Amino acid sequence: MAQVRVYNKGYDLDTGVGELLHTTTVRHAFGMIRRGVADPVVLAIVEDRIVPTALELTRQLSGAWVEGAGRRSIGFSYQAIHERDHWCCTYCGRSVSKTPPCEALLATVDHVVPVSRGGPSSWLNLVSACKECNNRKGARTPEEAGMLLRVDPYDPARSYRVGGHVEALPDAIAS
Ligand SMILES: [Zn+2]
């Protein structure tokens with residue numbers, strides 16, 4: 001089932017830049033639109049049906065919120081990191097794969113804060129990266145390497161951290 005990207009209010013239609021909160025199912029996306037929680041910003045035709053592929057919340061979320069609280073957590077693995085990041089390099093955005101057309105695009109998992117600096121192997125510190133970007137970044141932070149994370153890492157089952165603190169999932173989005 002196709003996933004719909006959900007952006008915080010402030011999504012820029014012209015550049016496609018926005019704060020990605022999480023992804024959801026098409027069915028849930030229609031529910032959010034019906035409830036006035038979100039507006040569709042990108043549409044696609046899938047099997048002769050117009051479906052949203054990206055939504056923008058109608059009001060801005062700040063702080064952090066918990067998605068699917070109580071749901072059992074998603075199994076953590078390097079494979080799961082690539083799936084969360086849609087098999088795209090978090091730094092350059094190119095598609096990565098275990099069997100890439102060239103070695104530069106080999107799927108690797110990068111520690112945002114390097115292991116040598118005490119960076120943990122966790123949902124929030126691991127991202128999908130192509131071999132080329134991973135090698136270029138080396139044992140540096142993205143800031144030191146002058147590289148930008150296109151999407152902030154998040155735990156798909158537990159939370160999305162926007163600010164420094166945790167807020168309850170707004171009722172309107174809980175269903
Ligand atoms: Zn890359």
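**Figure 1. Tyr7 of strand E1 has bridge partners in two strands.** Tyr7 stands opposite Glu56 in E4. In E2, Tyr7 is bridged to Leu20. Val6 faces Leu55, also a residue of E4. E1 spans residues 3-7, and 4 of its 5 residues are buried. A residue counts as buried with 20 or more other C-beta atoms within 10 Å of its own, as exposed with 12 or fewer, and as partly exposed in between; C-beta atoms are placed from the backbone. Helices (H or I, at least four residues) and strands (E, at least two) are DSSP runs, numbered from the N terminus. The model is predicted: local features need pLDDT of at least 70, side-chain atom pairs count only at pLDDT 80 or more, and totals for chains, interfaces and linings use all residues. Residues are numbered from 1 along each chain as its sequence is written.

**Figure 2. An open sheet of 4 strands runs in the order E2-E1-E4-E3.** Its pairing is mixed. Two strands pair if DSSP finds at least two bridges between them. E1 and E2 (residues 20-25) run antiparallel, joined by 5 bridges. E1 and E4 (residues 49-57) are parallel, with 3 bridges. E3 and E4 are antiparallel, with 8 bridges. E2 and E3 (38-46) are the edge strands, each pairing on one side only. From one strand to the next, the twist averages 30°. Axes here are lines fitted to C-alpha atoms, for helices over the stretch in contact; angles run from 0 to 180 degrees between N-to-C directions.

**Figure 3. Helix H1 packs on the sheet.** H1 covers residues 26-34 and touches E1, E2, E3 and E4. Its direction makes about 110° with that of E2. Contact means that the C-beta atoms of two residues, placed from the backbone, lie within 7 Å. Phe30 belongs to this helix. Is Phe30 buried, exposed or partly exposed? Phe30 is partly exposed, because 15 other C-beta atoms lie within 10 Å. Phe30 and Val4 are 26 residues apart along the chain, and their C-alpha atoms are separated by 10.0 Å.

**Figure 4. E3 and E4 form a hairpin.** The two strands have 2 residues between them. Ala38 has Leu57 of E4 as its bridge partner. Glu47 sits in the loop between E3 and E4. Its phi is near 50°, a positive value in a residue other than glycine. Glu47 is exposed, because 5 other C-beta atoms lie within 10 Å.

**Figure 5. His86 has a positive phi.** The value is about 60°, although His86 is not a glycine. His86 lies in the loop between helix H2 (78-84) and strand E6 (107-111). With 14 other C-beta atoms within 10 Å, His86 is partly exposed.

**Figure 6. Confidence varies along the protein chain.** pLDDT is the predictor's confidence in each residue, from 0 to 100. The chain averages 79, and 78% of the residues score at least 70. Among the elements, helix H3 (residues 131-137) has the highest mean pLDDT, 97. Strand E8 (residues 166-167) has the lowest, 31. Over residues 63-73, pLDDT stays under 50. The model has 31 contacts beyond four places in sequence for this stretch. Residues 158-175 also have pLDDT below 50. That stretch has 41 contacts beyond near neighbours in sequence. Where pLDDT is low, the predicted coordinates should not be read in detail.

**Figure 7. The protein chain combines 5 helices and 8 strands.** Along the sequence, the pattern reads β-β-α-β-β-β-α-β-β-α-α-β-α. Of the 175 residues, 24% are buried. Among contacts with a separation of 6 or more, 57% join residues 24 or more positions apart.
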